[in-house]
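Please look over the model shown here. The report after it runs from the whole chain down to single residues.

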Amino acid sequence: MKKLIFGILLLVGFQATMQAQDLDEYRYIKVPEKFEFLSEENQYQLNELTAFLFEKYGFNVLYREDTPAGTDPCEILRADVENQSGFLQSKVKVHLRDCHDQVVFSSREGKSREKDRKASFHEALRDAFQSVEQVKYNYSPAEVIVQTVIPPEERKEISEAAEERNQEQGDLAAESPRFLRDTIEYRIKKTAPGYELIRGGEQVAILVKSSGGDHFLFTSELLQGSAYFDLEGNLVVEYIDPASNELRSVQYMKMD
């Protein structure tokens, strides 16, 4: 029996750790002005309290404000509060949904027996947020890249430009250059097929030289993309945004 209980606790702890790692990949939490079960905006000040609690536990919250320009929609999680209240007890759960409307986090069920409706919802919500507190959120962007299809005529132009870049840049691997993206430092290491992109001493992506000159196939843990070094030596990764189907690019800025 003790082994069974220990196993359950271990599984719950593992799932909580995985959820924490998943949430670290998102830049913002978007809190709506009205939850579905409420009859008016910010009723019982529940939406305002939700935004406050997410900020309290270290999240970057968007509430009654515009999304910053240039933000990828898939860097945002939408917050929702589900009402599961009964006749004598308020019960709520907090959910976070990604850009594909998939739930990536659900809190514990928060409960309260307060008679006053507003006080009861507030107490239940704070109870549910104990799960959020345990996450220990720390934004760390994931390497999520998808394959980019480049027309033949553009490949030729890229190849010619790459040859010119090579003459100016020299051997990047010999320099072991540092790169910066979202305040996180990366390094490039030479390998037989191309390069490795390294963060904190661990490989996070590989660059394999393609047949198109000095263009590279960029492969991270999840997906693939297309990459090259620009005239300033910055690493540019191009990909298709799965949410909007639009071409986007990410730059790893070369540091002096």
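The protein exposes about 14900 Å². Carbon and sulfur atoms supply 49% of that area. The model is predicted. Of its 256 residues, 41% are buried. The secondary structure comprises 6 helices and 14 strands. Take the contacts between residues at least 6 apart in sequence: 50% of them join residues at least 24 apart.

**The largest nonpolar core**

The largest nonpolar core holds 32 residues. Which of them touch the most other members? They are Leu23, Val31, Phe54, Phe59, Leu96 and Leu125. Six elements each supply at least two residues of this core, as listed below.

| Element | Residues | Supply to the core |
|---|---|---|
| H2 | 46–56 | at least two residues |
| S3 | 76–83 | at least two residues |
| S4 | 90–97 | at least two residues |
| S5 | 103–106 | at least two residues |
| H3 | 117–128 | at least two residues |
| H4 | 130–135 | at least two residues |

Helix H2 gives the most, with 5 residues.

Leu23 shows how one of these members is placed. Leaving out residues up to four places away in sequence, Leu23 touches Phe59, Leu77, Leu96, Val104, Phe105, Val135 and Tyr137. Phe59 and Leu96 are themselves among the residues that touch the most other core members.

A second core lies apart from the largest one. This other core has 18 residues, including Tyr186, Leu197, Val237 and Val250.

**Thr50 in helix H2**

Thr50 belongs to helix H2, residues 46–56. Is Thr50 buried or exposed? Its relative accessible area is 0%, so Thr50 counts as buried, the cut-off being under 20%. Setting aside neighbours within four places in sequence, Thr50 is in contact with Val31, Phe35, Val81, Leu125 and Phe129. Val31 and Leu125 are also among the core residues that touch the most other members.

**The barrel**

Eight strands form a closed barrel. The order is S7-S8-S9-S10-S11-S12-S13-S14, and the pairing is antiparallel. From one strand to the next, the twist averages 30°.

How many bridges join strands S13 and S14? The two strands pair over 6 bridges, in the antiparallel sense. S13 covers residues 235–240, and S14 covers residues 247–254. Across this pair, Tyr239 stands opposite Arg248 in S14. Val237 and Val250, both listed in the 18-residue core, fall within the residue ranges of S13 and S14.

Methods. Residues are numbered from 1 along each chain as its sequence is written. This is a predicted model: local features need pLDDT of at least 70, side-chain atom pairs count only at pLDDT 80 or more; totals for chains, interfaces and linings use all residues. Side-chain values use heavy atoms; hydrogens and water are left out. Helices (H or I, at least four residues) and strands (E, at least two) are DSSP runs, numbered from the N terminus. Buried means under 20% relative accessible area, exposed over 50%, partly exposed in between (1.4 Å probe, protein chains only). Contact means heavy atoms within 4.5 Å. A nonpolar core is a set of buried Ala, Val, Leu, Ile, Met, Phe, Trp, Tyr and Cys residues joined through side-chain atoms within 4.5 Å. Two strands pair if DSSP finds at least two bridges between them. Axes are lines fitted to C-alpha atoms, for helices over the stretch in contact, and angles run from 0 to 180 degrees between N-to-C directions. Accessible areas come from the Shrake-Rupley method with a 1.4 Å probe; for residues, only the protein chains shown count as cover.
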